[in-house]
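Please look through the following structure slowly, with the sequence beside it. The paragraphs below lead from single strands to whole sheets, then to helices and to the contact of the chains.

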Amino acid sequence: MLWSSFLLALREVRRNLLRSFLTILGIVIGVSAVITMVTLGNGATQAVKNQVASLGSNLLQIRTGQRMMGPPGGGATGAPSFSLEDVEAIRNQISGLAAVAPEVSKSATVVSMSNNWSTSVTGTTNDFFIAGSWKIAAGRTFTDAEEKAGQTVCLIGETIRKELFGTQQPVGESLRVNNFSCEIIGILTSKGQASMGRDQDDTVIMPIKAVQRRLAGNHNVSSIQVSVKSENDITRVTEELTSLLRERRRLGDDKDDNFNVLDTRQITEALSGTTQILTMLLAAVASVSLLVGGIGIMNIMLVSVTERTREIGIRLAIGALEREVLLQFLIEAVVLSSLGGAVGVGLATLASLALSQVMNVPYTFNVGINLLSFVFSAGIGVLFGYMPAKRAARLDPIDALRHE
Amino acid sequence: MSTLIELRDITKIYGQGQASFKALHGVNMSIEQGDFVAIMGPSGSGKSTAMNILGCLDVPTDGEYLFSDVHVEALSRNERALLRRHYLGFVFQGFNLLARTSAQENVELPLLYRGESSLDRHAAAEAALRQVGLEGWGHHTPAELSGGQQQRVAIARAIVTNPTILLADEPTGNLDTKTSNEIMALLTSLNEDKGITVLMVTHEPDMAEYAKRIIHFVDGNIDSDIRNRAIDSKRSVA
């Protein structure tokens, strides 16, 4: 009986191709819209997280000035900068650190042969590569001697290599920075755009003493990057850093910090929070199309009630049992709805894959949203395909036949 | 001839209380196997109600209905459906074919519910279409057929299961005179050649003349029940 009802249902689907197609279309549009929107939104969130992670893991950034309060940039003025002695103190007095890298950045024009390029030159130590999760694509990092003496050697980012050297091999070549020249000892592996749109590869890295002497003209350290070995230690390290620096900067109990320790996790949270809100917004918009799709299904099913009621009357009159008729209509609704749902999921997968390529965000198959939108629209399809049939099958055959 | 149908004191009341309407007032009737009965009467005389009860589509409020000695009034909805499936064939005034479905598939429909194989269904439907003179029209949908042809398809659907009795509710109601006479000739041949008992409701005296027996309903009662002498004598001569 189940098999013959199944055949009957398939015959009905084929017989009413237009109606079947419209029912499926409603489900397909609803399902694929919701899935695509949510998948892309999640991809965007993931992309932001990846970018922040590319800054380095378990990273604390120490800058002068108070934390992003008051007028923009206002906090930094007047606050004394750090020194290499501060960096040494941190390295010696705080445990559980993977790297402590001082930083001083200056903008400069770099020239090689006939090409020139405006970039930022960062003076630091080998710890910089650990803290920032940088990999060396070619060449080497600084030697101890080069760091101590502040020799003019440098590593360049992918953007500089491309702009100045094109297809040539730059390691061992010399690079002119403002009015002095330095030897290129290595190339950094590309990291791409940072979260704020800054090109992380547009950089030249030099021993900090070289930058202090040749570009800055003082012994200041503008910021310190601290990489913590274990994520669990971040809170402790932050507290110890704060009290150590307060002591070294001779701040009394009544004084506010004139520096700040920024946890990159906080940046991650703030940014992914924003994209998550956007994802929810997109999902809400897409839910409307799911709803409209659902209403479309209802319409088509309800409009065909008159015709179907007569049909049910005919079937009952020639000896079909109520349950046979119901089973047929139920199977028809299930077949149509799940077909629509499956096509919708397929279409959404294709659309998400294509759009995530275009938008340059990672694609992940989200089981939850696929299941949810499939069940929702298929549920509507089954409900509104089945309910009118159920009512009609309860009628006396003669009443069903007379139905106008 | 053996008795196929017997109605004993059949009453049918529609609605309840003040709004109730008594359509049949204790009808008694018996129909022999192989008979051709026309039920006539003005609108509201109860002829359609009687037909629905005879066709096991509706149940009487009171009284007994014996179909081959089975008490139909005591059967459940599903049992009546099975009775219709195996012993009854229906022809309606409005044809009631499935739209956008070929004549062949329409005729096969009752066999689907009897669980017959697709090969058997196909052969039986073709035979039934041949009997009603529509050989080769099986692939046409109702919209492509004339009224007379549609009613022939409906008759083919009714006889494809080899029913004991064929119930026709105003089978010529939507047809012109010429086509009506063709349909009546078809019903007559089914009755005479295949021995199918035919029960027909009509309000046209010309059509009733094809029947062997004519029953008149007035106000929910049988007013007259006569043998059609003309046709009997005509047949005995032939």
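In which sense do strand β7 (residues 165-169) of chain B and strand β8 (residues 197-201) of chain B pair, and over how many bridges? The two strands run in the parallel sense and are joined over 5 bridges, where strands are said to pair if DSSP finds at least two bridges between them. One of the positions that can be followed by eye is B:Ile165, whose bridge partner in β8(B) is B:Thr197. The names used here follow DSSP runs, with helices (H or I) of at least four residues and strands (E) of at least two, numbered from the N terminus.

Before going further, the reader should know that this is a predicted model, in which local features need pLDDT of at least 70 and side-chain atom pairs count only at pLDDT 80 or more, while totals for chains, interfaces and linings use all residues. Residues are numbered from 1 along each chain as its sequence is written, and chains are lettered from A and ligands numbered from 1 in the order in which they are written.

Chain B holds 8 helices and 10 strands, and the pair just described belongs to an open sheet of 6 strands in this chain, ordered β6-β7-β8-β3-β9-β10 with mixed pairing. Its edge strands are β6 (88-91) and β10 (221-227) of chain B, each of which pairs on one side only, and from one strand to the next the twist averages 15 degrees. At the β10 end of the order, strand β9 (residues 213-218) of chain B pairs with β10(B) in the antiparallel sense over 6 bridges, and B:Ile214 stands opposite B:Ile226 in β10(B). The hairpin of β9(B) and β10(B) has 2 residues between the strands, and in this hairpin B:Asp219 takes a positive phi near 50 degrees.

Two helices lie across this sheet. Helix α5 (residues 147-159) of chain B lies across β6 and β7 of chain B and runs at about 170 degrees to β6(B), while helix α6 (residues 177-194) of chain B lies across β3 (36-40), β7 and β8 of chain B and runs at about 150 degrees to β8(B). Such angles run from 0 to 180 degrees between N-to-C directions, with axes that are lines fitted to C-alpha atoms, for helices over the stretch in contact. Within helix α6 of chain B is the place of B:Ser189, a residue that counts as partly exposed because it has 13 C-beta neighbours inside 10 Å. By this count a residue is buried if 20 or more other C-beta atoms, placed from the backbone, lie within 10 Å of its own, exposed if 12 or fewer do, and partly exposed in between. Of the 238 residues of chain B, 46% count as buried.

A further open sheet in chain B has 4 strands in the order β2-β1-β4-β5, with antiparallel pairing. Here β2 (21-32) and β5 (70-71) of chain B stand at the edges, each with a single partner strand, so one side of each has no neighbour in the sheet. Inside the order, strand β1 (residues 3-14) of chain B pairs with strand β4 (residues 62-67) of chain B in the antiparallel sense over 5 bridges, and B:Glu6 has B:Leu66 in β4(B) as its bridge partner.

In chain A the description turns to helices. The axes of helix α2 (residues 17-53) of chain A and helix α12 (residues 367-394) of chain A come within 9 Å and cross at roughly 160 degrees, which means that α2(A) is roughly antiparallel to α12(A), a term for angles over 145 degrees, as against under 35 for roughly parallel, 65 to 115 for roughly perpendicular and the rest for oblique. Among the residues that meet in this contact are A:Ile27 and A:Val31 in α2(A), and A:Phe374 and A:Ala378 in α12(A). α11(A) and α12(A) also pack together, at an angle of about 155 degrees and with their axes 8 Å apart.

Finally, where do the chains touch? 19 residues of chain A are in contact with 21 residues of chain B, two residues being in contact if their C-beta atoms, placed from the backbone, lie within 7 Å. The elements of chain A that give two or more residues to this side are α1 (2-15), α10 (305-317), α11 (322-359) and α13 (397-402), and α10(A) gives the most, with 5 residues.
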